[in-house]
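Me: I would like to go through the side-chain packing and charge pairs of this model, one question at a time. Where should we begin?

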Amino acid sequence: MAKRIYGYCRISTPKQSIDRQIRNILKDYPDAIIYQEEFTGTKLDRPKWNALMRQIRPNDTIVFDSVSRMSRDSEEGFKVYEKLFSDGVNLVYLKEPHINTETYRKALETGVPLTGTDVDYILEGVNKYLMCLAKEQIKIAFNQSEKEVTDLRQRTREGIETARRNGKQIGAVKGRKLTTKKSVVAKEIIKTHCKSFGGTLSDAETMKLAGVTRNTYYKYKRELMGK
């Protein structure tokens with residue numbers, strides 16, 4: 001079976017765009033099969049990730065835009081890294097190439113050659129140190145990723161608290177409709193093309209044309225009907 005290349009992309013909030021990650025991966029790996037996950041947490045109990053794990057085979061490659069896309073939990077992320085490494089899966093991190101499994105593998109294989117003398121006791125210690133150093137670099141990358149998300153959450157909480165103390169409204173006001181450029185465009189498409197408003201398209205066809213989810217589509221439709 002031919003070696004396969006996969007790209008795994010993940011965003012954790014609706015405000016993020018997954019397109020940048022996909023572009024970065026396909027730029028260097030145009031044949032990559034993309035698995036994308038949206039609006040998930042830090043754990044690895046993710047449907048698309050689990051589906052990828054069922055497909056992956058030895059000598060296959062998984063490409064990530066950064067280590068944080070694989071996991072922001074350092075302990076869990078490192079365990080998965082070691083498991084995939086031991087299974088013969090190649091891991092590539094575009095923003096942290098120093099922890100790619102190929103780099104790690106070379107660090108383990110390219111040790112100081114032994115001499116067959118008592119000096120080997122020292123050289124074996126050096127080789128073990130180099131191996132530990134390589135592992136430490138990987139752990140540092142995962143730890144840094146976890147720290148970044150923790151710091152971001154802390155800054156967000158502090159920002160919300162500061163705004164609240166200054167009397168600013170936090171979140172949407174109950175009963176008030178939130179209007180965005182995307183919602184205006186989608187509603188115009190619905191009003192123009194949906195059969196319910198004199199158009200020629202079914203709900204399913206209009207939904208696809210508007211590029212919105214089913215729930216959002218019917219929400220906009222109800223608002224246009226004044227319900």
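Me: How many aromatic pairs are there?
Reply: This is a predicted model. Rings count as a pair if their centres lie within 6.5 Å. By that rule the number of aromatic pairs is seven.

Me: What is the geometry of the pair formed by Tyr-8 and Phe-64?
Reply: The ring centres of Tyr-8 and Phe-64 are 6.1 Å apart, and the planes make an angle of 70°. An angle over 60 degrees counts as edge-to-face. The pair of Tyr-8 and Phe-64 is therefore classed, with the cut-off just given, as edge-to-face.

Me: How many residues apart in sequence are Tyr-8 and Phe-64?
Reply: Tyr-8 belongs to strand 1 and Phe-64 to strand 3, so the pair links distant parts of the chain. Both residues are buried. Their separation in sequence is 56 residues.

Me: Are the rings of Phe-64 and Tyr-93 stacked or edge-to-face?
Reply: The centres of the Phe-64 and Tyr-93 rings are 5.2 Å apart, with the planes at 10°. This pair also links distant parts of the chain, with Phe-64 in strand 3 and Tyr-93 in strand 4, 29 residues apart. Planes under 30 degrees apart meet the criterion, so the Phe-64 and Tyr-93 rings are stacked.

Me: What is the relative accessible area of Phe-64?
Reply: Buried means under 20% relative accessible area. Tyr-93 counts as buried at 1%. Phe-64 is buried as well, and its value is 0%.

Me: Which residues form one aromatic cluster?
Reply: Phe-64 pairs with Tyr-8 and also with Tyr-93. The cluster as a whole is made up of Tyr-8, Trp-49, Phe-64, Tyr-81 and Tyr-93.

Me: Which element gives the most residues to the largest nonpolar core?
Reply: The largest nonpolar core has 22 residues, and Ile-62, Phe-64, Met-70, Leu-84, Leu-91 and Tyr-93 have the most contacts inside it. Strand 1, helix 2, strand 3, helix 3, helix 4 and strand 4 each give two or more residues to this core. With five residues, the element that gives the most is helix 4.

Me: How many residues does the second, separate core have?
Reply: Ile-189, Ile-190, Cys-194 and Tyr-217 are among the members of this second core, which is separate from the largest one. Its residue count is nine.

Me: Which residues of helix 2 are buried?
Reply: Helix 2 covers residues 47-55. Its buried residues span an arc of only 160° around the axis, so they lie on the same side of the helix. Strand 1, strand 2, strand 3, helix 3 and helix 4 are included in what covers them. The buried residues are Trp-49, Ala-51 and Leu-52.

Me: Which exposed residues does the other face of helix 2 carry?
Reply: Exposed means over 50% relative accessible area. On the face of helix 2 turned away from its buried side, the exposed residues are Pro-47 and Arg-54.

Me: How many salt bridges does a search of the whole structure find?
Reply: Side chains of opposite charge can pair when their charged atoms come close. The cut-off for the nitrogen to oxygen distance is within 4 Å. The search finds a total of seven.

Me: How many residues apart in sequence are the parts that Lys-95 and Asp-65 tie together?
Reply: The salt bridge of Lys-95 and Asp-65 has an N to O distance of 2.8 Å. Lys-95 is partly exposed at 48%, whereas Asp-65 is buried at 3%. Lys-95 lies in the loop between strand 4 and helix 5 and Asp-65 in the loop between strand 3 and helix 3, so the sequence separation is 30 residues.

Me: Which residue is linked with Asp-65 and Lys-95 in a network of salt bridges?
Reply: Asp-65 and Lys-95 form a salt bridge. The network of salt bridges links these two with Arg-20.

Me: How far apart are the closest N and O atoms of Glu-188 and Lys-191?
Reply: Both residues lie in helix 7, three residues apart, about one turn of the helix. Glu-188 is partly exposed at 43%, and Lys-191 is partly exposed at 43%. The closest N and O atoms of their salt bridge are separated by 3.9 Å.

Conventions:
Residues are numbered from 1 along each chain as its sequence is written. This is a predicted model: local features need pLDDT of at least 70, side-chain atom pairs count only at pLDDT 80 or more; totals for chains, interfaces and linings use all residues. Side-chain values use heavy atoms; hydrogens and water are left out. A salt bridge is a side-chain nitrogen of Lys or Arg within 4 Å of a carboxyl oxygen of Asp or Glu. Helices (H or I, at least four residues) and strands (E, at least two) are DSSP runs, numbered from the N terminus. Buried means under 20% relative accessible area, exposed over 50%, partly exposed in between (1.4 Å probe, protein chains only). The arc is that of the directions from the helix axis to the C-beta atoms. Contact means heavy atoms within 4.5 Å. Rings of Phe, Tyr and Trp (its six-membered ring) pair if their centres lie within 6.5 Å; planes under 30 degrees apart count as stacked, over 60 as edge-to-face and the rest as tilted. A nonpolar core is a set of buried Ala, Val, Leu, Ile, Met, Phe, Trp, Tyr and Cys residues joined through side-chain atoms within 4.5 Å.
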